[in-house]
Amino acid sequence: MPFNDSALVVGPFGARNGVPVNTQNRKAMNNIFTFSRAVSSLALAGALILSVAPAGAGTVAYWRFEEGPADANVPHGGLPGGAFYPGTLDSSGNGNHLSVWAEGWAGYAYRTDVASPLVPLTGAANNFSVQNTGGYPAMFTDSAAMRTMTPSAFTIEVSFKPETGGYRTLVGRDSRGAATVNPDLAALYLQIVPGDAVAIKFADVSGYWHEAVSAPGAITGFPWPNTAAGFWYHMAAVSDGSWLSLYLNSGTGYQLVAQTDLTLSGSPNTTLTAGLGSGGDWTAGNWSVGRGLYAGGHADRAYGFIDEVRISDSALAPGQFLFVPEPGSLSLVLLGGLMLCFRRFRAR
Ligand SMILES: [Ca+2]
């Protein structure tokens with residue numbers, strides 16, 4: 001919504017309509033001017049926040065795990081371990097469904113333990129998350145579109161309530177040989193690292209490796225099986241091609257916890273690689289949820305709860321993330337700001 005700030009300016013002070021303006025009038029007009037500017041700034045901020053792009057802008061896949069029912073296994077269709085079965089539907093409508101590796105030992109079950117009953121951005125009901133049901137949890141994609149995508153900008157979001165541990169990859173992309181600095185690295189990791197820092201790491205199409213890693217102690221895991229001691233977090237990793245940014249929401253809004261200037265790497269092209277290599281239990285370019293890949297082997301499993309995973313091929317602004325403050329809260333913030341301005345105005 002275009003907003004013309006100058007419309008609120010009352011004009012140059014001094015003689016106005018032939019009426020001399022004395023000091024008292026000038027002060028009052030200045031107050032009106034200041035109040036109007038404050039109102040216009042708040043109105044502009046509100047308009048910008050409330051007029052964010054559609055929730056689905058650039059969405060490649062969105063896995064919500066809402067199929068249920070509670071405590072049922074995410075289905076694998078009776079197929080052998082490792083076969084693709086679209087047990088978790090892609091709610092973006094793009095058909096990029098997600099498969100568990102197997103039921104039980106390498107699977108997940110639906111849980112009613114969720115971060116919040118609604119997804120704030122969309123207002124959609126959030127009834128279920130998933131929790132691993134065995135020691136080898138792994139979910140993966142198999143669509144050609146996701147296997148071959150090479151976005152120059154991307155956003156990856158995930159909600160998680162993790163167990164304690166070392167490397168815990170929440171979202172990954174399978175590859176071996178794409179990163180010149182260490183060929184054993186996969187194409188991408190959105191993960192928790194030892195010391196409970198959080199990180200986004202990826203290889204670009206030029207073979208350069210990029211990372212943005214938070215300070216230690218960013219999250220707290222729960223000691224299995226004491227799920228009541230755990231905490232929900234929302235993470236969003238964003239590359240706009242020039243900056244790699246990592247945001248963490250621990251329940252009070254997204255905070256920027258790590259950021260890297262990609263242009264300092266010297267890479268001629270920071271587009272995400274589609275991955276290289278192949279292995280008996282992975283295919284380059286496929287995306288994983290709940291595990292990573294290292295040296296061509298499944299690794300870095302993220303035990304605990306996972307929910308609301310969304311991958312976009314554009315750089316979303318924090319106001320477009322799934323767990324932004326609810327519109328009602330935003331309105332209260334704006335109303336509070338207006339009231340503060342009004343009280344200051346009255347106090348003059
Ligand atoms: Ca959900």
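Two strands count as paired when DSSP finds at least two bridges between them. That rule is needed for much of what follows, including the partner of Gln131, which is Phe305 in strand S19. The structure described here is a predicted model.

**Overall make-up**

The chain contains three helices and 19 strands. It has 348 residues, and 39% of them count as buried. Among contacts with a separation of 6 or more, 68% are between residues 24 or more positions apart.

The average pLDDT of the chain is 85, and 77% of the residues score at least 70. Residues 1–55 have a pLDDT below 50, and beyond near neighbours in sequence this stretch has 40 contacts in the model. Residues 340–348 also stay under 50, with six contacts beyond four places in sequence. Where pLDDT is low, the predicted coordinates should not be read in detail.

**The seven-stranded sheet**

An open sheet is built from seven strands in the order S2-S5-S16-S7-S8-S9-S10, with antiparallel pairing. Its edge strands are S2 (99–100) and S10 (209–213), each of which pairs on one side only. At the S10 edge, strand S9 (residues 197–203) runs antiparallel to S10 and is joined to it by five bridges. One residue pair here is Ala203 with its bridge partner Trp209 in S10.

**Strand S4 and its partners**

Strand S4 covers residues 129–132. Ser129 and Gln131 point one way from S4, while Val130 and Asn132 point the other way, and all are buried. Strand S3 (residues 108–111) is antiparallel to S4 and connected to it by four bridges. In this pairing Tyr108 stands opposite Asn132. S4 also pairs with strand S19 (residues 304–312), again in the antiparallel sense, over two bridges. Gln131 of S4 has Phe305 as its bridge partner in S19.

**The nonpolar core**

The largest nonpolar core has 72 residues. Val158, Leu190 and Ile306 are the residues with the most contacts inside it. Not counting residues up to four places away in sequence, Leu190 touches Ile156, Val158, Leu170, Val171, Ile200, Met235 and Ala237. In soluble globular proteins, nonpolar side chains tend to be buried together.

**Backbone exceptions**

Most residues other than glycine have a negative phi, and most peptide bonds are trans. The table lists exceptions to these two tendencies.

| Site | Feature | Value |
|---|---|---|
| Gly68 to Pro69 | cis peptide bond | omega near 0° |
| Trp224 to Pro225 | cis peptide bond | omega about 5° |
| Asp71 | positive phi | near 70° |
| Glu308 | positive phi | about 45° |

Pro69 is in the loop between strand S1 (59–63) and S2. Asp71 is also placed in the loop between S1 and S2. Pro225 is in the loop between S10 and strand S11 (233–239). Glu308, in contrast, lies in strand S19.

Are the two residues with positive phi buried or exposed? Asp71 counts as exposed because it has 12 C-beta neighbours inside 10 Å, and a residue is exposed at 12 or fewer. Glu308 is buried, because 26 other C-beta atoms lie within 10 Å, and the cut-off for burial is 20 or more.

Key
Residues are numbered from 1 along each chain as its sequence is written. This is a predicted model: local features need pLDDT of at least 70, side-chain atom pairs count only at pLDDT 80 or more; totals for chains, interfaces and linings use all residues. Two residues are in contact if their C-beta atoms, placed from the backbone, lie within 7 Å. pLDDT is the predictor's confidence in each residue, from 0 to 100. A nonpolar core is a set of buried Ala, Val, Leu, Ile, Met, Phe, Trp, Tyr and Cys residues joined through C-beta atoms within 7 Å.
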